[in-house]
Amino acid sequence: MVILGSTGSIGTNTLEICSRHGVSVEALSCAKNIALLNEQIAKFRPKFVCVADESLASEVKILKKSQIFIGAKGLLEMLEACHSQKVVNALVGFAGLAPSLKTQELGKSLALANKESLVAGGKFLDTAKISPIDSEHFGLKFLLQNRTAPSRLVITASGGAFYRTPIKNLAKVTPSDALKHPNWSMGAKITIDSATMANKLFEVMEAFWLYGTSRIDALIEPTSMVHALVEFVDGSCTAHISRADMKLAIAHAVLENVSENVVAHADLLALKDIKFHKINLKKYPIFSLKEQVLQCPDLGVVINAANEVGVFAFLKGECGFLDISRIVLAAAKRFADVKIETKDEIFAIDAEVRKFAKRGLNAKI
């Protein structure tokens with residue numbers, strides 16, 4: 001298989017699954033962690049790799065120059081060169097959309113951890129041919145097997161790093177504070193998204209595209225033991241419960257058959273502590289866009305672009321934590337009537353929104 005984003009959390013866990021089950025790896029990509037990429041090359045002997053820019057190519061060991069691809073264009077060229085029929089897209093942010101589109105254009109199977117692909121370009125992807133790598137969406141897929149007439153899909157959120165932080169204190173939190181996720185080990189971008197609840201808004205949008213319904217909600221479940229629930233029209237409700245370990249969702253997305261233990265079973269005696277809570281929109285204002293984006297899914301590219309600008313500015317110390325939500329809400333208002341008819345328009349709108357968001361952060365809208 002091909003693994004895009006092999007040095008991140010999802011990528012390293014995917015390679016662990018590959019190693020455990022004897023799955024060969026044809027190609028890998030990473031942004032800048034060349035040291036770890038070289039370790040992966042030595043162990044898995046891929047035919048191709050892709051790195052972020054030309055300056056990093058000389059640091060790649062073992063492989064010849066002809067086996068190394070460069071940048072966003074190189075990713076697409078590498079996918080064309082690969083014979084593998086399965087691609088794991090674990091890239092971060094909007095950069096993952098073009099490889100997702102390319103994967104399906106080439107007729108390859110897409111195992112998707114890059115939620116922005118669906119958030120921004122869901123209408124142009126064949127969701128029936130996507131295997132989601134996300135604990136919530138794996139849970140929903142599992143619960144919906146052989147069942148009909150769901151009335152509501154529910155995904156859960158931990159509440160992120162600031163679940164127990166008073167709202168009045170959020171203006172002063174730092175990036176290091178925001179990166180302390182209580183339950184999961186994730187990259188910086190998605191950890192910040194968890195703290196603002198943008199991540200859960202994105203997952204609602206993913207569920208919309210994957211399962212074809214707008215009857216979707218999210219609740220806070222602080223232990224991250226319950227990942228998803230499905231309520232059926234007959235009044236019954238099922239829940240998907242497992243430990244907070246992404247290897248479970250990855251294994252089901254990348255293997256043909258999972259017939260052995262992947263992670264330790266959840267401690268059922270610990271379930272006594274499980275409680276569900278409504279999402280406080282004063283604390284997590286980004287989530288207030290849920291109904292709007294479900295009514296106008298094209299707004300996803302707007303929300304994602306503004307959010308990426310805000311998150312990376314915050315991580316660089318260029319804005320405050322609350323500015324992320326502020327600029328996302330401002331962009332959603334400014335581009336509320338967006339209509340996207342072609343794939344090219346996704347990239348044009350993305351660029352326009354980023355300019356708006358950067359000006360907004362500087363001007364303190």
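**A walk through the structure**

C18 is buried, with just 1% of relative accessible area. Keep in mind as you look around that this is a predicted model. C18 makes a handy starting point for the cysteines: C18 takes part in no disulfide, and the nearest cysteine sulfur, which belongs to C82, sits 13 Å away. A disulfide calls for two cysteine sulfur atoms within 2.5 Å, so C18 and C82 don't make one.

Now hop over to C50. C50 is in no disulfide either. Its nearest cysteine sulfur is that of C30, at 8.7 Å, and that again is not within 2.5 Å, so no disulfide is counted there. C50 is buried too, with a relative accessible area of 2%. For the structure as a whole, the disulfide count is 0.

Next, let's head for the helices. L97 belongs to helix α5, which covers residues 97-105. How accessible is L97? Its relative accessible area is 0%, and since anything under 20% is called buried, L97 is buried. So who are its partners? Setting aside residues up to four places away in sequence, L97 touches N114, S117, A120 and G121, along with I346 and F347.

From there, take a look at E116, which you'll find in helix α6, residues 115-121. E116 has 6% relative accessibility, and because that is under 20%, E116 counts as buried. Which residues does E116 contact, once neighbours within four places in sequence are left aside? The list runs through G93, F94, G121, K189, F202, N304 and E308. Notice that G121 turns up in the contacts of L97 and in those of E116 as well.

Now for a bigger jump. Going from L97 to H240 takes you 143 residues along the sequence and 28 Å through space, going from C-alpha to C-alpha. H240 brings us to some empty space. Rolling a probe the size of a water molecule over the atoms reveals where such space is left. The second largest pocket has a volume of about 330 Å³. Of the 19 residues lining that pocket, the closest to its centre are H240, I241, S242, L248 and H265.

Where does the lining come from? Helix α7 (135-144), strand β11 (237-241) and helix α11 (247-254) each contribute at least two residues to the lining of the second largest pocket. And what is the lining made of? By type, it splits into 12 nonpolar, 5 polar and 2 charged residues.

Conventions
Residues numbered from 1 in each chain as written. Predicted model: local features only at pLDDT ≥ 70, side-chain atom pairs only at ≥ 80, totals over all residues. Heavy atoms only, no water. Helix = DSSP H or I, 4+ residues; strand = E, 2+ residues; numbered from the N terminus. Buried < 20%, exposed > 50% of the residue type's maximum accessible area, 1.4 Å probe, protein only. Contact = heavy atoms within 4.5 Å. 1 Å grid on protein atoms, 1.4 Å probe; cavity = no way out; pocket = protein on both sides within 12 Å on 5 of 7 lines; lining within 4 Å. Points joined across faces, edges and corners; volume = space filled by probe spheres on them. Nonpolar A, V, L, I, M, F, W, Y, C, P; charged D, E, K, R; others polar.
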